[in-house]
Amino acid sequence: MLTLLFGLGGIIFLKGIICQDPCNEINHQLLKGQTRSVNYVLGQHESDECDRLFLTEGWYRVPENGNIATECPEMLRCGSLYPTWLNGTLPSRRQRLTINACQRGFIKCCQNTFPVEVQNCDDFNVFYLTTIPACPGRYCTGLDISFSVSPKVEGFISTSNTGTTDLAFRCNVMCRMRARQSSTSVPTPYNSSKEFYAGVQLEKSSFRIESGKEVNISIKSTVPVACKTFGGRMDCEIGIELFSLKRSSPKHTS
């Protein structure tokens with residue numbers, strides 16, 4: 001909850017945030033410093049610049065329409081042993097979001113978390129930055145282009161006709177990506193693909209077989225079939241086992 005403190009000259013001050021348009025250049029300041037880049041490595045004889053000591057709370061804009069980093073940086077980046085980044089998607093046009101900031105630790109990418117307000121201003125974003133929880137640590141800036149492939153593996157128990165059980169897996173893969181017009185422009189929202197089943201599957205899930213007749217079952221692989229060489233011969237095949245076949249009761253019609 002925000003607390004009203006006092007009013008002066010038509011400007012309302014709230015605890016934490018001033019109720020003015022942060023997109024207006026008079027209401028934010030630049031988060032300067034080339035050493036804040038995710039590509040900058042803290043030198044052996046350089047001192048750590050901690051944003052708990054040297055940052056004033058308020059709205060900030062990264063120069064050249066840049067952004068606070070949204071991917072976990074490595075240690076010793078951005079002028080600090082434990083750089084700080086935003087764990088979330090930046091807002092779309094004129095949107096304001098609260099995103100969790102993560103201060104990197106020695107083992108975890110997200111050792112300490114705290115909220116950061118982010119406002120989109122059409123061509124750039126502004127960030128309401130507070131002092132970080134502990135030193136060393138510093139807000140990181142840099143490129144925000146990402147492409148990720150996220151496999152989703154589902155495990156299940158399969159039962160064969162002989163009564164044996166095996167642990168089996170289904171694997172679904174999806175891709176998501178976002179882009180920017182240039183290295184300093186605001187990135188687009190994420191665009192995600194449909195989930196893709198990776199493995200072997202039947203082209204039809206059910207079949208009706210008349211007594212004494214045969215049916216062809218077509219099986220396809222959605223991924224390339226691996227080949228192996230044995231005795232100078234290349235063998236490209238996969239083994240298929242049918243299990244849990246169920247015979248449905250005949251339907252009676254009047």
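Reader: Happy to dig in! Which element gives the largest share of the largest nonpolar core?

Author: Good place to start, and do keep in mind that this is a predicted model. The largest nonpolar core holds 17 residues, and L31, I68, L86, V116, F127, L129 and Y139 have the most contacts inside it. Two or more residues come from each of β7 (96-103), β8 (112-120) and β9 (125-129). With 3 residues, the largest share belongs to β8.

Reader: Thanks! And how many residues are in the other core that lies apart from it?

Author: That second core includes C23, W59, F124 and Y128. Its full count is 6 residues.

Reader: Now the strands: which residue in β9 is the bridge partner of Y60?

Author: Let's walk across from β3. Strand β3 (residues 29-30) runs parallel to β4 (residues 58-61), joined by 2 bridges, and Q29 stands opposite Y60 in β4. β4 also pairs with β9, this time antiparallel, through 4 bridges. There, the partner of Y60 is F127.

Reader: Lovely. Is V200 buried, exposed or partly exposed, and why?

Author: V200 sits in strand β16 (residues 200-202). Together with L202, I209, V215, I217 and I219, V200 forms a nonpolar surface patch with about 450 Å² of accessible area. Buried means under 20% relative accessible area and exposed means over 50%. Because its relative accessibility is 33%, V200 counts as partly exposed.

Methods: Residues are numbered from 1 along each chain as its sequence is written. This is a predicted model: local features need pLDDT of at least 70, side-chain atom pairs count only at pLDDT 80 or more; totals for chains, interfaces and linings use all residues. Side-chain values use heavy atoms; hydrogens and water are left out. A nonpolar core is a set of buried Ala, Val, Leu, Ile, Met, Phe, Trp, Tyr and Cys residues joined through side-chain atoms within 4.5 Å. Buried means under 20% relative accessible area, exposed over 50%, partly exposed in between (1.4 Å probe, protein chains only). Patches are made of residues with over 30% relative accessible area and no salt bridge: like charges are joined within 9 Å, nonpolar side chains (Val, Leu, Ile, Met, Phe, Trp, Tyr) within 5 Å. Accessible areas come from the Shrake-Rupley method with a 1.4 Å probe; for residues, only the protein chains shown count as cover. A salt bridge is a side-chain nitrogen of Lys or Arg within 4 Å of a carboxyl oxygen of Asp or Glu. Two strands pair if DSSP finds at least two bridges between them.
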